[in-house]
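Here are a few exercises to work through with the model open beside you. Try each task before reading its solution.

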Amino acid sequence: MKRHALIGFLLLLALAACVKAPKVPEPAEGPTLTERAIPELAAIDSLMWQRPDSAFAQLRQFAASPQADSLDVFNGHYCQLLISELLYKNNYAQTNRAQLQQAVPYFDSLVLAKVPEPVEGPTIIEGPPRQRTAFLSARAHYINGVGHYEQSQVAEACAEYLKALETMENHFQEKDLTGKKARFMAYTYNRLGELFSAQFMMEPAIICLEQSLVFCKIAPTSPFGVSNTLMQLGRQYEKLGQKEKANEYYEQALEALPIHQGLIYRDIITRKAFCDYQLGVGKEQPLDDLRQVLAQATGEAEVLTRYLAIGDIFFEEGLYDSALLYLEPIFEHDENLARKVPAANYLRIIYDSLGYEDKANECMRFLAKPNKSEGENKALVSQLEGLFQNYLNQKQEQKAAQEKREAVLRTVKILVPIALVVAAVIIAIIRKRGKKHLAQQQQAHWMEQAALSGRLKRSNEKLRDVSKQLEASLAKNSALEAEAPDDYSAFLNTPISLYIVRLVHEGQFKAKIDYLIYKDSALSKEQLLALRDAAKNHLPRFILQIRQEFPSLTDSDMDYCYLILLGLNEADISALMQRAYTTVCDRSRKISRIIGANDSLYQTLRDRLSER
């Protein structure tokens, strides 16, 4: 349940600095893809996916800093997006609604901007600029849908969730939907599943929850994310009356749990116990299971949830006196209509059968209170069905178009090699015939000259001398090439070196900040191999000398040497290699000790390069 009132107001005041970002006029040619997130906001964003409470604390600190008063347009909207996301992830109501709704079209405009993407060197984890901006746009639509849902604007929320999915699916291939992006897809599909389930639209709910399950298995939303999604799927089949299938999902949910305790575990046991009862196993075992989870319940809401399940079984068994013990507290004290309405229905029937006319009338009056009319409900369901069907149709059309493009590519991949082989064969035949004809002419000429001058033997000897001279010349050139100096400047200007230096410049990595916060800036194995190749290509003699003089240096030690030669310090290496700062310092001291560095390790390595 969202906490409002004083807490929400205080949070809004704490984040006011971000809201006051000045409105900088946008360029006349429109938005571009070169906007950059400042390191402070990027670090908060990265931390949010692992520890939202810590990220929220950092955001409040940032909001109180002078820097928050001078954000440009991009970072101002980015800050509002983070505020909304962290309010939601920390269970607070959305207090910056107006500012968020300005951010949504802004990020959309960046995605639609018809400008060339800047060249940025090697691909990084977040992908090209347009993909990074598309991810922000999708997140903005998702959290805007959350705000609509908090205000009971169900259709608007559904439209925003679907827009978030469309944005992701239009800009990312399935293989790219991993990590944060996969988790985001799981969140979005799960929200849609819950929305449809609340409107008793079980089939759309099942489609969305099954998709959520796929992405949750790729990147779990929590240790209990898979189990919770399986339980929600079982609930949909239970509503459809498919008790056996529902029970299968409940059993899978229990198997997927890392530990058999906690709220999710008790919820699954509750649903499974009631499902077992409906499948005819009797009332004793289900009631025993429900009493056990009731004894472990924490909080009034959970107690009343367990009461409803127990009271339901007693009602179905006709044990009305026992049912009253569990159903009356729900009707008298619960404000949750999902529990209070079914409890009131059961109680009305029980009171009628027992002759409690006043109490039966009280239940009837509650049930007759004006809620949404049947016509309004039907209109909402029809609107939601239309939105979802339109989304499915567009997705199917895109899939068909993609399959068509892939079929064309497959055909091209088959035909082009065949054409190249045929062309190569034809060229080879022509060359072979030409060479054969030329050889025949040369042989006839040589034989004719040898017969006329008698110098065939001496010509062969001269030919051997020329061959030896050619071999000696090639050997001499190879030796001269081996003596060529290392090209340190070329090493610094390789694409991977330039990328790493730019990454450090943008990241502004700090030694006192936990290196895990910079996880998105970590170098991949492929990028480290690219750095090694660059060193081997441009610093071969330096590497050979170091390896020969100091054989105890490992490949990993050499990687540190290459990074140091790029001018990086221990804080930079800690962030890029995802190692603790103290560990990196220990590694630097070890290398310095091995090579006998009297000066800084960087200067020592540079001096060795200069010697070459």
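## Exercises on a predicted model

Asp559 has 3% relative accessibility and therefore counts as buried, the cut-off being under 20%. Please keep in mind that this is a predicted model.

**Exercise 1.** Find the salt-bridge partner of Asp559 and describe how the pair sits in the chain.

*Solution.*
- Start at the side chain of Asp559: it meets that of Arg532 in a salt bridge, at 2.8 Å from N to O.
- Next, place the two residues: Arg532 lies in helix 23 (residues 525-538) and Asp559 in helix 25 (residues 555-565). With their positions 27 residues apart, the pair links distant parts of the chain.
- Finally, check the cover: Arg532 has 23% relative accessibility, so Arg532 counts as partly exposed.

For a wider view, salt bridges with shared partners join Arg266, Asp267, Glu302 and Arg306 into one network. The structure holds 23 salt bridges.

**Exercise 2.** Compare the salt bridge of Asp276 and Lys272 with that of Glu506 and Arg502: where does each lie, and is each residue buried or partly exposed?

*Solution.*
- Take Asp276 and Lys272 to begin with: their closest N and O atoms are 3.2 Å apart. The two residues are 4 apart in helix 13 (residues 263-278), which means about one helical turn separates them.
- Both Asp276 and Lys272 are buried.
- Now turn to Glu506 and Arg502, whose side chains meet at 3.8 Å, N to O. They are 4 residues apart in helix 22 (residues 495-507), so about one helical turn lies between them.
- Glu506 counts as partly exposed because its relative accessibility is 33%. Arg502, at 28%, also counts as partly exposed.

**Exercise 3.** Work out how helix 5 and helix 6 are oriented, and which hand their crossing has.

*Solution.*
- Look at the axes of helix 5 (residues 73-89) and helix 6 (residues 97-112): they come within 9 Å and cross at roughly 125°.
- Angles over 145 degrees count as roughly antiparallel, and 65 to 115 as roughly perpendicular. Helix 5 and helix 6 are therefore oblique to each other.
- The crossing of these two helices is left-handed.

**Exercise 4.** Which residues form a nonpolar patch on the surface, and where is Ile414 placed?

*Solution.*
- Pick out Ile414, Leu415, Ile418, Val422, Ile426 and Ile430: they form the nonpolar patch, with about 580 Å² of accessible area together.
- Ile414 is placed in helix 19 (residues 374-453).
- At 52% relative accessibility, Ile414 counts as exposed because the cut-off is over 50%.

Definitions and conventions. Residues numbered from 1 in each chain as written. Predicted model: local features only at pLDDT ≥ 70, side-chain atom pairs only at ≥ 80, totals over all residues. Heavy atoms only, no water. Patch = residues over 30% accessible without salt bridge, like charges linked within 9 Å, V, L, I, M, F, W, Y side chains within 5 Å. Areas by Shrake-Rupley, 256 points an atom, 1.4 Å probe, with all protein chains shown as cover. Salt bridge = Lys/Arg side-chain N within 4 Å of Asp/Glu carboxyl O. Buried < 20%, exposed > 50% of the residue type's maximum accessible area, 1.4 Å probe, protein only. Axes fitted to C-alpha atoms, helices over the stretch in contact; angles between N-to-C directions. Parallel < 35°, antiparallel > 145°, perpendicular 65-115°, else oblique. Left-handed = near helix turned anticlockwise from the far one by under 90°.
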